[in-house]
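Thank you for sending this model for comment. Please read the points below with the structure open beside you.

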Amino acid sequence: MAGKSQDLTGLQKASILFIVVGPERASKVFKYLKEDEVEQLTLEIANTKNVAPSLKDEVLDEFYEVCLAQQYVSEGGIGYANDLLEKSFGAEKAREIIGKLTDSLQVRPFEFVRKTDPSQLLNFIQDENSQTIALILSYLSAGQAATIVSALSPEKQADVAKRIAQMDRTSPDTIRDVEQVLERKLASLVNQDYTIAGGVDAIVEILNTVDRGTEKHIMETLEIEEPELADEIRRKMFVFEDILSLDDRSIQRVLREVDNNELATALKSANEEVQTVIFNNLSKRLVTMIKDDMDFMGPVRLKDVEEAQQKIVNIIRKLEDSGEIVISRGGGDEIVV
């Protein structure tokens, strides 16, 4: 097999690598591959007759470089890897290695940003437009994103939250453009597959992590600008099973507002842990009455159960808004003693 390594496909490079390392080492790697990958590699190895020594060396060097880059990425992110590779191989070679790494191992977009302290990142992106900020936050952890959202100006918070919730698919070109602004030293950092980020679940996770004041401002703004979106977010922000996160005194306060028939219906599909926590905060007489109601009502439509649970969730949120109970959350809530 003549030519240079850059002219070979990934499959051809892999077959040469397995030939070079020998059957004993190759067999240890094979057990981690999928059946169709093993078949393709086996066929390619069988069809590989003569490989020039220089080509073997090129493939081995490339494999070593990508492994080294991956080690650096694991230690400190792509920016850290790029810096070390630049010192060892020069800027141009470093960009080439990073490009191979992200293409072959599909490094997550904005991986280098995920390694950055949120307070430092805030200074970097706070003047960007809301859509750009939303794109970046969609790839961060909920904790990082919550820190940044909380520090944004009030008028920008709700706009960014709305854009995250409504985000679906983002083109590789757009991601690449934003990445290049954040990390000018690096070239192309993403593969060509469309990546999915953001969405309602993403903003729900962020809002469940920010402080109550930030969450309240965002939700109040969304209720005016995007009422349907606000309803969808609110339904997901605190589910019935989250009652486990309340202390006993808060649970008892909530239960005083709940109709016994609604509670019996809500508990029909609740897991044993939720039932136990609720029953532990009721009198023995009430527990017996509710259990009897649950047995007497027989099968109940799931829709009716979900509606009853949502009514209880609404009571919980109402009591939280009035300051009568506290839902444990991150991002700066005060400890109540």
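The notes that follow take up the basis of the model, its nonpolar cores, its salt bridges and one charged surface patch.

1. This is a predicted model, in which local features need pLDDT of at least 70 and side-chain atom pairs count only at pLDDT 80 or more, while totals for chains, interfaces and linings use all residues. Residues are numbered from 1 along each chain as its sequence is written, and side-chain values use heavy atoms, with hydrogens and water left out.

2. The largest nonpolar core (buried Ala, Val, Leu, Ile, Met, Phe, Trp, Tyr and Cys residues joined through side-chain atoms within 4.5 Å; buried means under 20% relative accessible area, exposed over 50%, and partly exposed in between, with a 1.4 Å probe and protein chains only) has 36 residues, of which Leu137, Ile164, Ile203, Ile206, Leu207 and Ile233 touch the most other members. Among the elements that give two or more residues to this core are helix H7 (118-125), helix H10 (154-166) and helix H14 (227-237), and H12 gives the most, with 6 residues. A second, separate core of 28 residues includes Phe240, Ile243, Val274 and Ile325.

3. Salt bridges (a side-chain nitrogen of Lys or Arg within 4 Å of a carboxyl oxygen of Asp or Glu) come to a count of 9. One of them joins Lys13 and Glu62 at 2.9 Å, N to O, and this pair links distant parts of the chain, since Lys13 is in helix H1 (residues 10-21) and Glu62 in helix H4 (residues 53-89), 49 residues apart. Lys13 is buried at 18% relative accessible area, and Glu62 is buried at 13%.

4. Glu65 forms a salt bridge with Lys93, with the closest N and O atoms 3.6 Å apart. Because Glu65 lies in helix H4 and Lys93 in helix H5 (residues 91-105), the pair ties together parts that are 28 residues apart in sequence. Glu65 counts as buried at 9% relative accessibility, whereas Lys93 counts as partly exposed at 25%.

5. Within helix H19 (residues 302-321), Glu320 and Arg317 lie 3 residues apart, about one turn of the helix, and their salt bridge has its closest N and O atoms 3.4 Å apart. Glu320 is buried at 9% relative accessibility, and Arg317 is buried at 6%. Separately, Arg253, Glu257 and Glu324 are linked in a network of salt bridges.

6. On the surface, Glu35, Asp36, Glu37 and Glu39 gather in a patch of negative charge (residues with over 30% relative accessible area and no salt bridge, like charges being joined within 9 Å and nonpolar side chains within 5 Å). Glu39 is found in helix H3 (residues 35-47); helices are DSSP runs (H or I) of at least four residues, numbered from the N terminus.

Key:
Accessible areas come from the Shrake-Rupley method with a 1.4 Å probe; for residues, only the protein chains shown count as cover. Lys and Arg count as positive and Asp and Glu as negative; His and the chain ends are not counted. The place of a charge is taken as NZ of Lys, CZ of Arg, CG of Asp or CD of Glu.
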